[in-house]
Amino acid sequence: MKKLLPTSTAGSLPKPSWLAQPEQLWSPWKLQGDELVDGKKDALRLCLDDQQQAGIDIVSDGEQTRQHFVTTFIEHLDGVDFEKREIVKIRDRYEASVPTVFGDVARRKPVFVEDAKFLRQQTKQPIKWALPGPMTMIDTLYDGHYKSREKLAWEFAKILNQEAKELEAAGVDIIQFDEPAFNVFFDEVNDWGIATLERAIEGLQCETAVHICYGYGIKANTDWKKTLGSEWRQYEEIFPKLQKSNIDIVSLECQNSHVPMELIELIRGKKVMVGAIDVATNNIETPEEVAATLRKALQFVDADKLYPCTNCGMIPLPRHVARGKLNALSAGAEIVRKELLAK
């Protein structure tokens with residue numbers, strides 16, 4: 001991006017109420033068959049329009065065609081049984097009913113590539129596309145086959161690389177891997193988590209990003225955050241190794257969080273998507289609040305490497321709130337952009 005402080009979103013945006021139940025994760029589709037196919041495309045167009053109306057520079061699909069940021073990708077793979085479910089603890093903090101890996105995992109056909117081609121036809125703006133990261137994928141399943149988190153992560157990394165290469169060919173400019181699990185399993189991240197992520201981006205010419213946050217604004221996550229104390233230093237455990245990785249961009253949670261901003265210094269040299277929008281509240285930030293967060297971040301990241309963003313996806317929020325937050329993000333970035341250009 002040549003534009004200074006280009007804005008983007010971390011991931012999901014609210015779906016229209018005619019497509020799925022608002023403010024709900026894993027919300028079932030309200031349409032079926034061809035109506036669902038058309039409805040997803042209509043929602044994607046609306047989502048793009050919301051971003052464009054707000055002045056967002058790097059647009060996305062807002063995950064309009066998927067029920068969940070992890071499981072929708074897994075649904076399209078061989079070796080996973082969604083009928084046979086087990087209760088596991090996700091991110092080491094809340095229990096969920098998840099599908100079971102029963103055999104070798106494989107990707108027989110593209111998952112999101114047609115959606116990406118459709119979005120590319122709608123706009124000439126840069127597109128960012130999110131995929132689940134290998135570690136977060138294995139943490140959202142019960143493994144009854146490999147019996148090894150690391151082995152399964154390497155298999156998923158190969159599959160993600162296949163998908164990422166086809167997304168790049170479809171015209172995607174930035175491919176982002178969502179890894180909230182990186183904030184929990186520090187030893188695994190440093191032992192093999194970052195390595196599997198690098199396997200997922202192998203051979204890509206487009207820019208790559210990893211999104212590491214403290215989760216959606218749901219009760220299990222907000223309750224967990226209350227236990228983390230006055231300073232959240234989780235990033236400190238993984239940033240040194242991430243700084244040496246081949247990932248181009250690191251996407252972080254900063255707005256209304258207890259993450260010490262100076263931790264960004266540990267990834268100096270990387271582009272940083274600074275979360276300047278809190279997704280855990282319906283309160284819409286003022287442009288000046290967004291600007292204040294960006295000014296703090298500029299102490300630790302060069303201006304040409306700072307990308308204003310949201311803390312996480314906004315699927316649990318009402319659409320009007322998400323729109324307001326996108327407007328605030330864009331306006332706040334413009335305040336700081338003008339300040340920088342005036343120097």
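**Notebook: contacts and surface of a predicted model**

I began with the salt bridge in which the side chains of aspartate 78 and arginine 108 meet at 2.4 Å, N to O; the term stands for a side-chain nitrogen of Lys or Arg within 4 Å of a carboxyl oxygen of Asp or Glu. This is a predicted model, in which local features need pLDDT of at least 70 and side-chain atom pairs count only at pLDDT 80 or more, while totals for chains, interfaces and linings use all residues. I number residues from 1 along each chain as its sequence is written, and side-chain values use heavy atoms, with hydrogens and water left out.

**Entry 1: salt bridges**

Because aspartate 78 lies in strand E1 (residues 77–90) and arginine 108 in the loop between E2 and H3, the pair ties together parts that are 30 residues apart in sequence. Helices (H or I, at least four residues) and strands (E, at least two) are DSSP runs, numbered from the N terminus. I looked up how well each partner is covered: aspartate 78 is partly exposed at 28% relative accessibility, and arginine 108 is exposed at 65%. Here buried means under 20% relative accessible area, exposed over 50%, and partly exposed in between, with a 1.4 Å probe and protein chains only.

By the same rule I find a count of 25 salt bridges. One of them joins arginine 149 to glutamate 188, with the closest N and O atoms 3.0 Å apart. Arginine 149 belongs to helix H5 and glutamate 188 to helix H6 (residues 186–200), so this pair ties together parts that are 39 residues apart in sequence. With a relative accessible area of 28%, arginine 149 is partly exposed.

I then turned to glutamate 285 and lysine 325, whose side chains meet in a salt bridge at 3.0 Å, N to O. This pair links distant parts of the chain, 40 residues apart, since glutamate 285 sits in the loop between strand E8 (271–275) and helix H9 (287–297) and lysine 325 in helix H10 (residues 319–341). Are these two partners buried or exposed? I read glutamate 285 as buried, with a relative accessible area of 6%, and lysine 325 as buried too, at 0% relative accessibility. I also noted that salt bridges sharing partners join Lys3, Asp57, Glu334 and Arg337 into one network.

**Entry 2: aromatic rings**

Next I checked the rings of Phe, Tyr and Trp (its six-membered ring), which pair if their centres lie within 6.5 Å; planes under 30 degrees apart count as stacked, over 60 as edge-to-face and the rest as tilted. The count by this rule comes to 3 aromatic pairs. Phenylalanine 73 and phenylalanine 112 have ring centres 6.1 Å apart and planes at 40 degrees, so I enter the pair as tilted. Phenylalanine 73 lies in helix H2 (residues 71–75) and phenylalanine 112 in the loop between strand E2 (94–107) and helix H3 (113–122), so the pair ties together parts 39 residues apart in sequence. Phenylalanine 73 is buried at 0% relative accessibility, and phenylalanine 112 is buried at 2%.

Phenylalanine 112 also forms a tilted aromatic pair with tryptophan 129, at 6.3 Å centre to centre and 45 degrees between the planes. As tryptophan 129 is in strand E3 (residues 128–132) and phenylalanine 112 in the loop between E2 and H3, the pair ties together parts that are 17 residues apart in sequence. Tryptophan 129 is buried, with a relative accessible area of 0%, and I record Phe73, Phe112 and Trp129 as one aromatic cluster.

**Entry 3: backbone angles**

Where does leucine 5 lie? I place leucine 5 in the segment before H1, and its phi is near 55 degrees, a positive value in a residue other than glycine. Leucine 5 is buried, with a relative accessible area of 1%. Asparagine 256 likewise has a phi near 55 degrees, positive in a residue other than glycine, and is found in the loop between strand E7 (249–253) and E8. With a relative accessible area of 54%, asparagine 256 is exposed.

**Entry 4: one buried isoleucine**

I located isoleucine 58 in the loop between helix H1 (33–54) and H2, where it counts as buried at 1% relative accessibility. Isoleucine 58 and leucine 204 are 146 residues apart in sequence and 19 Å apart in space, C-alpha to C-alpha.
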